[in-house]
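Work through the exercises below with the sequence and the model side by side. Try each task before reading its solution.

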Amino acid sequence: MAVEYNLGRVVGAGIAKGGAPGQVLKKSGGADYDTIWADESRVWSNPNLLHNWDFRNPVNQRGQTSYARPSADYTIDRWRIANDGTVAIVAGGITLTKDLQLEQIFEKADWNGKLMTVSIMIAGIIYAGSFTWNASAGFTSALVIPKAGNTLGYTLGYTGTSKRIWIRPSPGDGGDLIQCVKLEMGGVSTLANDPPADYADELRKCQRYQLVFAAGVQCGYVGTHGTNGYGFIPTPVTMRINPAVTSANGFSIIGGTNVTEVTPTGWQAFPGGVRVTVTLAAQNLYGGAFAPGIPSGMIMDANL
């Protein structure tokens, strides 16, 4: 045995010589320093270009257990219904009724001419298909999944002209457990290598497009002057655009024991919050906390 004096240790006979560029030393036996040169094994994954892609624990700020069109448009965050049908949030994923089209619209889609791969996990099985994104393409299928015999179970595709990707059960199908979906650059699906989505990260992405405030929550302050009021509502992220804001039960300013109903006349997104302009039915010199009505709460909608 040889002694490596600069380290003061005995080097076992199992130390491997040579090796090629890019290779690493790995243990080959139980003795100290028994090693071999081997190619480095890596588990890699491409970024997922979709938001709220993990339906096993989806961001669902609106809080419903199902969404049906024509009464609903957006469902779980960033996903909207394009055809009549129902999206249900169930244990471990979502289900779609037959003929429903669930789609996500992109703010930007600078992928013209790029090779892309779309993949989806249904009941524990991953299906994937590759295609070249064409910004001029209309309704285009990218992946067709057979379900039983010659019946087509699901189709995934994209519409380049309107920058969206969609999932659609074929007529007579639907109802399977859809667990997650991925859109990525390149010709290989890496969905199998992805850990579950980080809910906090996905929530922050989604809040740029939509924020939901619970009923009665005092979410900002409004100062008043006569019958006019101006306030600022802090938000966890800066919203994409000036939001459209709805509350089925109206809005109020709460100052001590005084509750004054107000009518918002403008909403403007700023870094870190949204400015609201209101009018009051009568003069109010005090101002106070701004709150959406009960029981509806408030939705700030900056969706595409």
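The exercises that follow concern a predicted model.

**Exercise 1. The nonpolar cores**

Task: Find the largest nonpolar core and state which strand gives the most to this core.

Solution:
- Step 1. Start with the count. The largest nonpolar core has 37 residues. Ile120, Trp133, Ile178 and Leu183 have the most contacts inside this core.
- Step 2. Turn to the strands. At least two core residues come from each of S8 (93–96), S10 (115–122), S12 (139–148), S13 (151–159), S14 (164–169) and S15 (178–185). S10 gives the most, with 5 residues.
- Step 3. Take Ile120 and skip residues up to four places away in sequence. Its contacts include Leu143, Ile145, Leu156, Ile167, Ile178 and Cys180. Ile125, Ile126 and Leu191 are also among them.
- Step 4. Look for another core. A second, separate one has 19 residues, including Leu211, Phe251, Ile253 and Val278.
- Step 5. Set this against a general tendency. In soluble globular proteins, nonpolar side chains tend to be buried together.

**Exercise 2. A three-stranded sheet**

Task: What is the strand order of the open sheet of 3 strands, and which are its edge strands?

Solution:
- Step 1. The order is S16-S24-S19, and the pairing is antiparallel.
- Step 2. S16 (210–213) and S19 (244–246) each pair on one side only, which makes them the edge strands.
- Step 3. Neighbouring strands of the sheet are turned by 10 degrees against each other on average, direction ignored.
- Step 4. Check one pair. S19 and S24 (298–301) are antiparallel over 3 bridges. Val245 stands opposite Met300 in S24.

**Exercise 3. Strand S23**

Task: Is strand S23 enclosed or exposed, and which residues stand opposite its own?

Solution:
- Step 1. S23 covers residues 288–292. Of its 5 residues, 5 are buried, so the strand is largely enclosed by the rest of the structure.
- Step 2. S17 (220–225) runs antiparallel to S23, joined by 3 bridges. Tyr221 stands opposite Ala289 there.
- Step 3. S20 (251–255) also pairs with S23 in the antiparallel sense, over 4 bridges. Ser252 has Ala291 as its bridge partner.

**Exercise 4. Cysteines**

Task: How many disulfides does the structure hold, and why is Cys206 not bonded to Cys180?

Solution:
- Step 1. A search of the whole structure finds 0 disulfides.
- Step 2. The sulfur of Cys206 lies 15 Å from that of Cys180, its closest cysteine sulfur. A disulfide needs the sulfur atoms within 2.5 Å. The two are therefore too far apart for a bond.
- Step 3. Check burial, for which the cut-off is under 20% relative accessible area. Cys180 is buried at 1%. Cys206 is buried at 0%.

**Exercise 5. Backbone points in the loops**

Task: Where are the cis peptide bonds before Pro70 and Pro295, and which loops hold Asn52 and Asp99?

Solution:
- Step 1. The bond from Arg69 to Pro70 is cis, with omega near 25 degrees. Pro70 lies in the loop between S5 (66–69) and S6 (80–81).
- Step 2. Ile294 and Pro295 are joined by a cis bond, with omega about 10 degrees. Pro295 sits in the loop between S23 and S24.
- Step 3. Asn52 is not a glycine, yet its phi is positive, about 55 degrees. Its loop lies between S4 (35–39) and S5. Asn52 is buried, at 2% relative accessibility.
- Step 4. Asp99 also has a positive phi, near 75 degrees. Its loop runs between S8 and S9 (102–105). Asp99 is partly exposed, at 30%.

Terms used. Residues are numbered from 1 along each chain as its sequence is written. This is a predicted model: local features need pLDDT of at least 70, side-chain atom pairs count only at pLDDT 80 or more; totals for chains, interfaces and linings use all residues. Side-chain values use heavy atoms; hydrogens and water are left out. A nonpolar core is a set of buried Ala, Val, Leu, Ile, Met, Phe, Trp, Tyr and Cys residues joined through side-chain atoms within 4.5 Å. Buried means under 20% relative accessible area, exposed over 50%, partly exposed in between (1.4 Å probe, protein chains only). Contact means heavy atoms within 4.5 Å. Two strands pair if DSSP finds at least two bridges between them. Axes are lines fitted to C-alpha atoms, for helices over the stretch in contact, and angles run from 0 to 180 degrees between N-to-C directions.
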